[in-house]
Amino acid sequence: MKINDKRLYFWFALVTILVSAVFAAVACYSCCVVNPEIKNHLQAESDIPQHYREAYILLRSPHIFAGYDRFDGRSMGTRAILREFDRRVAEKEPFSEEHGIYLKMLFERRQQGTVLARNTAVYLLLVSLMGWGFYFHERKKPR
Amino acid sequence: MKYKIILTGLLLGFCSLMIACSGNPVETGATELTVTTKFEENRAIFNMRINAGFINKSTDVVVTGYAGSLRIINDESEKTLFSFPVRVERLMPMESVEVVLNATGSEKEFRPLFDLMAIDMDQVIKSGEAGPIILNEAYVKIEDQTYSKVPVVTYLEETTNEDK
């Protein structure tokens, strides 16, 4: 069976650009909607307990690239933070300014996830462009 | 033929996903047992105290209304030696809760347990106490588990909304 290179390049380029678009959308939503909202809560100067509680609930829904289901040695501290803050919100204990540093750590993790999503989208876009390049080159080739 | 293969693949993938999502998030940790003795009308009465740990292994699910029965069994004959109802109101993600269970009984009721763990009963009566002993996992069985799973974000939002 002869492999049809043209079709192969086309589908490869199409799939990678679609996956890239999904990751770009996730990164954009996180960067433009969720992250600024969390940042506003964390920078609030009045009613800190309420703002920190809201920020934590937003942070508790993790970024797809910075989930909370796997922990390596470096992020074991995150596990302890989640355990303590989950309990704090469930027991309706107020947050104080001292907790800001831990919330910022979770926010940093989320931002890293956003950057990773953006970089993955760019990488896949470049790979896709390469695929399109090969595809058009193949199309131009005389039969 | 081609479509059958694709369909089977999709079905298998879906089933695996459902199995992965429906797993029991609650696991038991170490079960510790302490037995004390006292005498009533010249008869030894045994009091057993069990400290059983229940852990929510999930990172994003809150377990509410957890109930089950903890049984101490003879792993060879599968015979239940003791059975305790267990109830935990709430287990937050990655949280572990210790449940204390008590049972009192006569020599006849406790003999199979001591035999199982190769503990000299007369020695326990003399010293007045045995343990704490970590029970072998094979001797502990959790059955009839019922619970509800709530995504942690939903649970926290509901808790917050109660205040408003």
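A residue counts as buried if 20 or more other C-beta atoms lie within 10 Å of its own, as exposed if 12 or fewer do, and as partly exposed in between, with C-beta atoms placed from the backbone. This is a predicted model, where local features need pLDDT of at least 70, side-chain atom pairs count only at pLDDT 80 or more, and totals for chains, interfaces and linings use all residues. Residues are numbered from 1 along each chain as its sequence is written, while chains are lettered from A and ligands numbered from 1 in the order in which they are written.

**Exercise 1. Classify E95(B) as buried, partly exposed or exposed, then find its surroundings.**

Step 1: start with the count. E95(B) has 18 other C-beta atoms within 10 Å, so it is partly exposed.

Step 2: place it on the chain. E95(B) sits in the loop between β4 (80–91) and β5 (96–106) of chain B; helices (H or I, at least four residues) and strands (E, at least two) are DSSP runs, numbered from the N terminus.

Step 3: list the partners. Two residues are in contact if their C-beta atoms, placed from the backbone, lie within 7 Å. Leaving aside neighbours within four places in sequence, E95(B) touches R83(A) and N56(B).

Step 4: check a C-alpha distance. V62(B) is 33 residues from E95(B) in sequence, and their C-alpha atoms are 9.4 Å apart.

**Exercise 2. Look at the backbone of M94(B) and D47(A), and say what stands out about phi.**

Step 1: recall the background. Most residues other than glycine have a negative phi, and most peptide bonds are trans.

Step 2: take M94(B). Its phi is positive, about 65 degrees, although it is not a glycine. M94(B) belongs to the loop between β4 and β5 of chain B, and it is partly exposed, with 18 other C-beta atoms within 10 Å.

Step 3: take D47(A). Here phi is positive too, about 50 degrees, and D47(A) is not a glycine either. D47(A) lies in the loop between α1 and α2 of chain A; having 10 C-beta neighbours inside 10 Å, it counts as exposed.

**Exercise 3. Test the lengths of helices α1 and α2 of chain A against expectation, and look for a kink in α1(A).**

Step 1: set up the ruler. The expected span of a helix is 1.5 Å times one less than its number of residues.

Step 2: apply it to α1(A). This helix (residues 5–43) has 39 residues and reaches 54 Å from first C-alpha to last, close to the 57 Å expected.

Step 3: find the kink. α1(A) has one of about 40 degrees, centred on S30(A); the bend at a residue is the angle between axes fitted to the seven residues ending there and the seven starting there.

Step 4: apply the ruler to α2(A). Its 13 residues should span 18 Å, and its end C-alpha atoms are 18 Å apart, which agrees.

**Exercise 4. Work out what α1(A) packs against, and which residues anchor the nonpolar cores.**

Step 1: collect the buried residues. In α1(A) they include Y9(A), F23(A), A27(A), S30(A), I38(A) and L42(A). In α2(A) they include Y52(A), A55(A), Y56(A) and L59(A).

Step 2: find the packing partners. The buried residues of α1(A) pack against α2 (48–60) and α4 (100–140) of chain A.

Step 3: go to the cores. A nonpolar core is a set of buried Ala, Val, Leu, Ile, Met, Phe, Trp, Tyr and Cys residues joined through C-beta atoms within 7 Å. The largest has 37 residues, and A55(A), Y56(A), L59(A) and L103(A) have the most contacts inside it. Strand β3 (residues 61–73) of chain B gives the most to this core, with six residues. A second, separate core of seven residues includes F23(A), A27(A), A66(A) and A117(A).

Step 4: zoom in on A55(A). Beyond four places in sequence, A55(A) is in contact with I38(A), H41(A), L42(A) and L103(A).

**Exercise 5. Describe the contact between the chains, and say how confident the predictor is.**

Step 1: count the residues. Chain B supplies 13 residues and chain A supplies 14.

Step 2: sort the chain B side by class. There are six nonpolar, three polar and four charged residues, where Ala, Val, Leu, Ile, Met, Phe, Trp, Tyr, Cys and Pro count as nonpolar, Asp, Glu, Lys and Arg as charged, and the others, Gly among them, as polar.

Step 3: read the scores. The complex gets an ipTM of 0.73 and a pTM of 0.74. For chain B the mean pLDDT (the predictor's confidence in each residue, from 0 to 100) is 81, and 88% of its residues reach 70 or more.
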